[in-house]
Amino acid sequence: MIERLKAKESSVVRVANVQMRCEMELLNTPTTHEPFVAPERAADFLALSRKTVLKLARRGDLPAHPVGRGVRQMWRFRLSELSRWLECEAVKLDQPSGSE
């Protein structure tokens, strides 16, 4: 029983470390000359609808860049940031749940 708990704890620590690394990478993304893409291209890349991509961007759940200062902002995306975000989301999905 103790060995099983230690293995589970080790797994949780490993997932937490990967999540922290992913979050740091997202925050420390070097500025490059990668072009921004429109929500339609981001939606195609993520296999989501344009509406879902924009909703995630507005909530701050998706790496996105608002353009403009008006009430209706335009959103632009970098595919490299979306790719890293996908990798981090996959790690979160692999995280063991608390119930057994």
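**A first look at this predicted model**

Val-53 is a good place to start: with 0% relative accessibility, Val-53 counts as buried, because anything under 20% does. Keep in mind that this is a predicted model. The protein chain has 100 residues, and 24% of them are buried. Its mean pLDDT is 80, with 60% of the residues reaching 70 or more.

**The chain as a whole**

- You'll find 4 helices and 2 strands in the protein chain.
- Going from the N terminus, those elements come in the order α-α-α-β-β-α.
- Among contacts with a separation of 6 or more, 58% join residues that are 24 or more positions apart.
- The accessible surface adds up to about 7500 Å², and carbon and sulfur atoms hold 56% of that.

**How far to trust it**

- Where is confidence lowest, and where is it highest? Helix α1 (residues 2–27) sits at the bottom with a mean of 61, while α2 sits at the top with 97.
- As a general caution, predicted coordinates shouldn't be read in detail where pLDDT is low.

**Two buried residues in helix α3**

- Val-53 belongs to helix α3, which covers residues 50–59.
- Which residues does Val-53 touch, once its neighbours within four places in sequence are set aside? The contacts are Pro-39, Ala-42, Ala-43, Leu-46, Leu-48, Leu-62 and Phe-77.
- Ala-43, one of those contacts, is 10 residues from Val-53 in sequence, and their C-alpha atoms are 5.9 Å apart.
- Leu-54 is also in helix α3.
- Is Leu-54 buried or exposed? Its relative accessible area is 9%, so Leu-54 is buried.
- Leaving out neighbours within four places in sequence, Leu-54 is in contact with Pro-39 and Trp-75.
- Leu-54 and Ala-64 are 10 residues apart along the chain, with 9.0 Å between their C-alpha atoms.
- Pro-39 turns up in both contact lists, that of Val-53 and that of Leu-54.

**An exposed residue in a loop**

- Ala-47 lies in the loop between α2 (39–46) and α3.
- Why does Ala-47 count as exposed? Its relative accessibility is 68%, and exposed means over 50%.
- Ala-47 isn't a glycine, yet it has a positive phi of about 60°.

**The largest pocket**

- A handy idea first: rolling a probe the size of a water molecule over the atoms shows where empty space is left.
- The largest pocket holds about 240 Å³ of space.
- Which elements give two or more residues to its lining? They are α2, α3 and β2 (74–76).
- The lining consists of Pro-39, Glu-40, Arg-50, Leu-54, Arg-58, Val-71, Arg-72, Gln-73, Met-74, Trp-75 and Arg-76.
- By type, the lining residues split into 5 nonpolar, 1 polar and 5 charged.
- Leu-54 from the helix section is part of this lining, and so are Pro-39 and Trp-75, the residues listed above as contacts of Leu-54.

Definitions and conventions:
Residues are numbered from 1 along each chain as its sequence is written. This is a predicted model: local features need pLDDT of at least 70, side-chain atom pairs count only at pLDDT 80 or more; totals for chains, interfaces and linings use all residues. Side-chain values use heavy atoms; hydrogens and water are left out. Buried means under 20% relative accessible area, exposed over 50%, partly exposed in between (1.4 Å probe, protein chains only). Contact means heavy atoms within 4.5 Å. On a 1 Å grid over the protein atoms alone, a cavity is a set of points where a 1.4 Å probe fits but cannot get out, and a pocket is an open set with protein on both sides within 12 Å along at least five of seven lines; lining residues have an atom within 4 Å of a point. Grid points are joined across faces, edges and corners, and a volume is the space filled by probe spheres set on the points. Ala, Val, Leu, Ile, Met, Phe, Trp, Tyr, Cys and Pro count as nonpolar, Asp, Glu, Lys and Arg as charged, and the others, Gly among them, as polar. Accessible areas come from the Shrake-Rupley method with a 1.4 Å probe; for residues, only the protein chains shown count as cover. pLDDT is the predictor's confidence in each residue, from 0 to 100.
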